[in-house]
Amino acid sequence: MSLGMILRRGVIAAGAFLLAAPALAQRAPEPIRIGAVLSVTGPASFLGDPEDKTLRLYVNRINQAGGVNGRPLQLIIYDDAGDANRARTFATRLVEDDRVVAMVGGTTTGTTLAMRPVFEDARIPFISLAGGIEIIDPVQPFTFKTPHTDRMACEKIFADIRARGLTRVGMISGTDGFGQSMRGQCVRVAGAAGITIVAEESYGPRDSDMTPQLTRLRNAQGIEAVVNPGFGQGPAIVTRGYHQLGIRLPLYQSHGVASREFINLATPAAAEGVRLPAAALLIAEQLPTSDPQHQVVLDYKAAFEREFNQPVSTFGGHAYDGLMILVEAMRRANSTDGTRLRDAIRATRGFVGTGGIVNMSATDHMGLDLSAFRMVEIRNGDWALLGN
Amino acid sequence: MPELLQFLVSGLTIGAVYALVALGFTLIHNASDVVNFAQGEFVMLGGMVTVFATAAGIPLPLAALLAIAVAVLVGLALHRLAIEPARGASAVTLIIITIGASIFLRGVAQIVFDKRFHQLPGFSGNDPIMVLGAAILPQSFWVLGGALIVFCGLFLFLERTLMGKAVLATAANRLAARLVGVDTSFVLALSFGLSAAIGALAGILITPITLTSFDVGTLLALKGFAAAMLGGMGSPLGAVVGGLVLGLLEALGAGYVSSAYKDAVAFLVILAVLFSMPQGLFGHRSVERV
């Protein structure tokens with residue numbers, strides 16, 4: 001057989017396949033394409049990995065239960081490895097090539113902000129899983145988020161510090177997007193909360209030793225408590241260094257480390273007494289049965305832990321909330337049109353998620369208040385719910 | 001005063017790790033002119049294999065030996081499968097091959113192990129020892145002691161054994177070494193194995209302090225490379241001094257100047273040194289006679 005003939009046959013076969021493809025697709029209802037760009041690897045893999053697992057798990061479950069509006073969901077996930085440039089490239093690919101109807105994800109504030117214009121321009125709803133308040137403040141028409149903001153975390157932490165009768169605080173922040181964003185919010189709300197920030201230090205997201213910075217904090221004049229805005233392994237190393245130097249001041253971590261992995265990495269001995277604001281999911285078993293979130297968080301926790309045999313983290317919970325808010329909105333709108341879907345998401349009221357009770361509006365694209373945060377303390381390597 | 005001691009210990013500990021990575025660079029560079037950017041991955045392998053082996057119930061000393069063995073095997077495989085077939089290619093090509101190998105190793109580690117951070121308990125506990133008001137982790141002594149043993153052992157090997165002399169001869173002049181009967185190809189393989197072992201040891205020693213994950217190697221390779229350049233690429237003594245100086249600069253920069261600029265402080269000093277001494281602190285001036 002000559003090369004020409006082989007080529008010709010190949011072309012004919014390919015042509016026949018192309019003709020057959022639409023006919024095949026018509027038989028089954030066309031799937032609803034949902035995009036996700038997550039930091040499954042890299043410095044934010046802490047967050048991205050459980051998000052990735054949660055989305056896959058629940059999309060499967062929804063499809064087994066018959067999909068949404070009679071159509072199955074198709075999830076398209078890309079891993080940006082925590083790199084905002086890559087995230088933006090993938091966002092463009094989701095919009096232009098994959099033609100998704102909505103987007104859940106954007107693990108970090110940095111990647112979310114890089115991707116936001118792509119979805120705003122395409123008028124496709126974008127539910128971010130990142131903490132930074134600048135994602136939704138000022139409100140962008142198509143951008144939502146499920147996690148608590150770092151401003152709320154600062155307010156919750158400062159309220160707890162004040163309740164202990166302390167006012168003079170030192171901060172050690174990561175130089176990554178999360179750390180810097182939360183640091184900025186803490187500085188902004190400190191005055192209103194009656195807190196004076198007396199010293200500030202920072203560390204790189206991949207630094208392996210923070211004892212020099214902590215030594216400086218320890219020696220700061222009149223310091224009464226230390227707040228560490230950051231996520232990933234940085235806060236674990238800060239906590240270890242804090243213990244190593246024998247600093248006795250109360251240490252506050254952010255909601256960015258609310259996973260059991262943090263206690264393991266920091267070691268229970270070093271993490272003893274550390275306080276942080278966290279979502280209800282973290283202390284699912286300790287919630288009273290009267291708590292509206294009781295059932296939701298227990299169900300999610302059981303499903304996740306059974307499937308992956310690894311402890312649940314609040315970040316996976318954010319992904320659950322985002323997906324469920326989207327699915328409910330799709331059912332209410334009975335449409336996948338971008339603007340209608342956006343209006344339906346905006347109309348979310350009384351949605352009970354793992355992160356809290358969500359009441360969205362045209363001016364609030366997150367829908368959570370301070371009650372969604374619970375103050376917890378690490379005791380004997382476990383979380384203990386403090387009376388709020 | 002206690003602060004200064006605290007900063008010095010912190011700087012020396014992390015500096016010792018930079019020095020070990022820089023030594024790995026130096027050994028391979030001397031034998032082949034190649035800058036092996038997969039050096040950081042040996043450190044990662046040391047830490048990760050130890051973590052997973054101990055988690056599987058293997059006692060720590062055995063796990064550490066296993067980790068070193070795995071790293072050496074990977075180092076030899078890297079030499080045999082990637083560097084040796086490209087023999088005769090320019091140094092730049094070989095360097096690019098090592099960058100590829102580094103990305104490949106990180107990818108494999110991600111699949112074989114996982115993507116999360118892991119910790120290892122300190123070899124002698126996690127309770128700090130108070131020395132003159134500075135809190136020092138016992139693990140810091142392990143790191144410093146381990147590094148010291150490697151430095152001395154390497155010195156004795158290079159200066160007192162025939163094989164070591166062959167390595168030095170190859171570094172000085174490959175053609176001449178071959179002419180007097182040194183098997184330079186074996187020396188290169190040896191350098192890769194030795195570098196991998198040293199890198200893995202650094203990874204094992206530092207993991208209880210800094211945690212480990214599949215991608216810890218990238219930054220350590222960068223810092224180790226900077227240390228090797230500072231000390232003078234090709235000089236084992238330079239690598240040790242360069243690593244320690246870099247670690248100290250970082251710690252003192254964070255402690256006395258500003259933590260926001262601690263990397264900047266370190267790199268500014270390196271730039272200044274290289275500006276006035278382009279060969280690094282201990283590098284040989286390359287003078288060519290015509």
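Colleague: In which element of chain A is confidence lowest?
Modeller: Confidence in chain A peaks in strand E4 (residues 126-128), at a mean of 96. That's pLDDT, the predictor's confidence in each residue, from 0 to 100, and helices (H or I, at least four residues) and strands (E, at least two) are DSSP runs, numbered from the N terminus. At the other end, with a mean of 52, sits helix H1 (residues 3-27) of chain A.

Colleague: Any ground rules?
Modeller: Residues count from 1 along each chain as its sequence is written, with chains lettered from A and ligands numbered from 1 in the order written. It's a predicted model, where local features need pLDDT of at least 70 and side-chain atom pairs 80 or more, while totals for chains, interfaces and linings use all residues.

Colleague: Which element gives the largest share of the side of chain A that touches chain B?
Modeller: The contact takes 28 residues from chain A and 24 residues from chain B, counting residues whose C-beta atoms, placed from the backbone, lie within 7 Å. Elements giving two or more residues on chain A's side include helix H2 (45-64) and strand E7 (196-203). The largest share, five residues, comes from H7(A).

Colleague: How far apart are the end C-alpha atoms of residues 7-28 of chain B?
Modeller: UniProt lists that span as a "transmembrane region" in an unreviewed entry; its positions follow the numbering used here, feature names are shortened, and annotations may be inferred rather than shown by experiment. The span is 100% helix and 0% strand. Its end C-alpha atoms are apart by 32 Å.

Note on methods:
Two residues are in contact if their C-beta atoms, placed from the backbone, lie within 7 Å.
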